[in-house]
Amino acid sequence: MNSPEIDSLIMLLSKLPGIGPRSARRAVLHLIKRREGLMMPLSQSLADTATKIKTCGTCGNLDTSDPCLICRDPERDKGAICVIEDAGDLWALERSGIFSGQYHVLGGVLSALDGIGPDDLTIDPLVSRVRDGGISEVILALNATVDGQTTAHVIMDRLADSGAKVSGLAHGLPVGGELDYLDDGTIAAAFRARRSV
Amino acid sequence: MEWRQSAVILDCRPYGETSTIAHVLTRGHGRYAGLVRGGRGKRLRGILQPGNEIDATWRARLADQLGNLSIEPVKDRAARHLSDQVRLAGLTAVCALVQQTMPEREAHPAIYDALSAVLDSMDETPLWPIGLVQFELGLLQELGYGLDLSACAVTGVVDGLTHVSPNTGRAVSTEVAAPYKERLLPLPQFLNNRAHIPDYEELLSGFRLTGHFLNAHVLGPADKHLPKARDRMLDRLAQADWDKESA
């Protein structure tokens with residue numbers, strides 16, 4: 001029988017992705033044992049993040065300031081926008097270090113069955129950003145799924161007369177992928193997108 | 001309880017962090033849902049796309065449980081159309097329509113065969129939209145709201161049928177339709193004559209006809225709407241392209 005505070009902490013932690021009640025109990029025990037070194041800084045950090053985090057009004061990224069650090073960074077290329085589904089994708093692209101332009105977070109993808117239409121996503125603000133000028137390329141970095149690519153096609157249509165170049169990520173062989181283990185669709189997509197070497 | 005059949009994936013929703021609840025259409029068991037363990041993982045998420053054909057094994061302790069679905073890929077249709085927006089919208093629309101309209105766990109082999117045929121035709125012929133209109137007519141028929149396009153509802157003549165009553169779904173001849181033209185739906189020729197290749201306007205008339213009855217009898221009463229992907233497909237199906245392909 002635990003105190004209500006401990007039970008409440010276990011219950012809250014068990015709601016996190018990847019953590020069930022058993023893992024939550026272990027985490028809580030671990031935190032209690034390291035109260036000064038881990039639990040207090042963690043609670044402070046959680047409180048800070050909860051009060052300070054906001055959504056960037058320009059790109060939709062999560063940051064403590066609006067506009068976010070990426071939008072304010074003068075070193076970044078202001079002429080290219082990479083369109084992604086959510087902030088997790090932005091973090092993945094930033095980890096890769098491959099892109100140094102601006103981002104635009106859509107907040108989801110179109111879904112025929114869930115009734116998510118273009119008005120439910122931030123497609124209009126994206127079109128306004130591009131039409132405002134100064135954007136030479138829009139890169140659609142959306143998932144290679146039916147919903148992801150349907151969303152990409154809709155954005156392509158909306159930006160058709162904007163004057164900006166619209167490109168999408170390639171589909172095909174992953175690094176380290178072996179043909180024998182790939183699904184037919186990926187092989188077909190890779191084959192169609194073959195290039196001269 | 002266990003069965004194993006070929007199935008077409010209609011819809012997938014994430015369940016928990018690693019699994020997916022997939023809705024599939026089978027020939028012998030109809031539309032079925034099942035939990036695909038690891039469905040959000042690298043190996044399965046590419047397969048779990050609408051339109052793909054799989055070899056599905058469904059298992060549950062009791063018949064009315066959700067059940068576990070094990071899948072093996074058979075035909076990868078979605079990936080083939082990812083870069084073609086008209087076909088991708090068509091594939092999404094037809095899968096969403098079947099998911100929204102077909103009752104669960106009720107075998108409709110004719111719908112399974114027709115769905116497989118229309119999805120395959122997207123890869124094989126530029127005239128696949130004709131098959132999609134025919135599929136929607138067949139869907140209405142199978143759901144009990146079939147249209148009677150064989151003879152005039154008033155005179156019984158079988159030739160010169162040009163309109164359909166929006167209430168009864170029965171065809172009428174040009175002479176009978178004349179005074180009520182504004183209130184009737186045009187009947188495109190290709191729905192009665194399979195050899196006739198429709199022009200762009202006729203094709204759109206076909207989609208408007210099936211769309212009206214799907215909305216009026218199947219989707220509307222259940223407070224549902226035609227999939228937006230269907231409108232997108234019709235918007236993108238440009239007249240110039242259709243005229244070139246149907247020539």
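Two strands are said to pair if DSSP finds at least two bridges between them. The legends below describe close-up views of a predicted model.

**Figure 1. Strand 6 and strand 8 of chain B pair within an antiparallel sheet.** Three strands of chain B make up this open sheet, in the order 7-6-8. Strand 7 (171-173) and strand 8 (185-186) of chain B have one partner strand each and stand at the edges, so one side of each lacks a neighbour in the sheet. Strand 6 (residues 161-164) of chain B is joined to strand 8 of chain B by two bridges, in the antiparallel sense. In this pairing, Val164(B) stands opposite Leu185(B) of strand 8 of chain B.

**Figure 2. Strand 1 of chain B pairs with strand 2 of chain B and with strand 4 of chain B.** Strand 1 (residues 2-15) and strand 4 (residues 53-59) of chain B run antiparallel and share seven bridges. One position in strand 1 can be followed across to strand 4: the bridge partner of Arg4(B) is Thr57(B). Strand 2 (residues 19-26) of chain B is also antiparallel to strand 1 of chain B, and eight bridges join the two. Here Val8(B) has Leu25(B) of strand 2 as its bridge partner. Strand 1 and strand 2 of chain B form a hairpin with three residues between the strands, and in this hairpin Gly16(B) takes a positive phi near 65°.

**Figure 3. Four strands of chain A form an open parallel sheet.** The strands of this sheet follow the order 4-3-5-6. At its edges stand strand 4 (102-105) and strand 6 (165-168) of chain A; each has a single partner strand, so one side of each is left without a neighbour in the sheet. On average, neighbouring strands of the sheet are turned by 25° against each other, direction ignored. Strand 3 (residues 80-84) of chain A pairs with strand 4 of chain A over four bridges, in the parallel sense. Cys82(A) stands opposite Tyr103(A), a residue of strand 4 of chain A. Helix 6 (residues 123-131) of chain A lies across strand 3, strand 4 and strand 5 (137-140) of chain A. This helix runs at about 155° to strand 4 of chain A.

**Figure 4. Cysteines of chain A are shown in a structure that holds zero disulfides over all chains.** The cysteine sulfur closest to that of Cys56(A) belongs to Cys59(A), at 3.7 Å, which is too far for a bond, because a disulfide needs sulfur atoms within 2.5 Å. Cys56(A) is buried, with a relative accessible area of 3%. Cys82(A) is in no disulfide either, and its nearest cysteine sulfur, that of Cys59(A), is 11 Å away. Cys82(A) also counts as buried, at 3% relative accessibility.

**Figure 5. Gln99(B) and Arg80(B) each touch residues of chain A and of chain B.** Gln99(B) lies in helix 2 (residues 85-101) of chain B. At 11% relative accessibility, Gln99(B) counts as buried. Leaving out residues up to four places away in sequence, Gln99(B) touches Leu113(A), Leu10(B), Asp11(B), His23(B) and Arg31(B). Arg80(B) is found in the loop between strand 5 (68-75) and helix 2 of chain B. Arg80(B) is partly exposed, with a relative accessible area of 32%. With residues up to four places away in sequence again left out, Arg80(B) touches Ala188(A), Arg192(A) and Asp123(B). Arg80(B) and Cys95(B) are 15 residues apart in sequence and 16 Å apart in space, C-alpha to C-alpha.

**Figure 6. The second largest pocket is lined by residues of chain A and chain B.** About 310 Å³ of space lies in this pocket. Its lining consists of 18 residues, of which Gln149(A), Leu169(A), His171(A), Leu82(B) and Ser83(B) are the closest to its centre. Helix 7 (146-158), strand 6 and helix 8 (184-192) of chain A are the elements that give two or more residues to the lining. Helix 7 of chain A provides the largest share, four residues.

**Figure 7. The largest cavity is lined by residues of both chain A and chain B.** The structure holds two cavities of 30 Å³ or more, and about 40 Å³ of space lies in the largest. From chain A, the lining includes Thr150(A), His153(A) and Val154(A). From chain B, Gln85(B), Leu88(B), Ala89(B), Arg232(B) and Arg236(B) line the cavity. Two or more lining residues come from each of helix 7 of chain A, helix 2 of chain B and helix 7 (228-236) of chain B.

Note on methods: Residues are numbered from 1 along each chain as its sequence is written. Chains are lettered from A and ligands numbered from 1 in the order in which they are written. This is a predicted model: local features need pLDDT of at least 70, side-chain atom pairs count only at pLDDT 80 or more; totals for chains, interfaces and linings use all residues. Side-chain values use heavy atoms; hydrogens and water are left out. Axes are lines fitted to C-alpha atoms, for helices over the stretch in contact, and angles run from 0 to 180 degrees between N-to-C directions. Contact means heavy atoms within 4.5 Å. Buried means under 20% relative accessible area, exposed over 50%, partly exposed in between (1.4 Å probe, protein chains only). On a 1 Å grid over the protein atoms alone, a cavity is a set of points where a 1.4 Å probe fits but cannot get out, and a pocket is an open set with protein on both sides within 12 Å along at least five of seven lines; lining residues have an atom within 4 Å of a point. Grid points are joined across faces, edges and corners, and a volume is the space filled by probe spheres set on the points.
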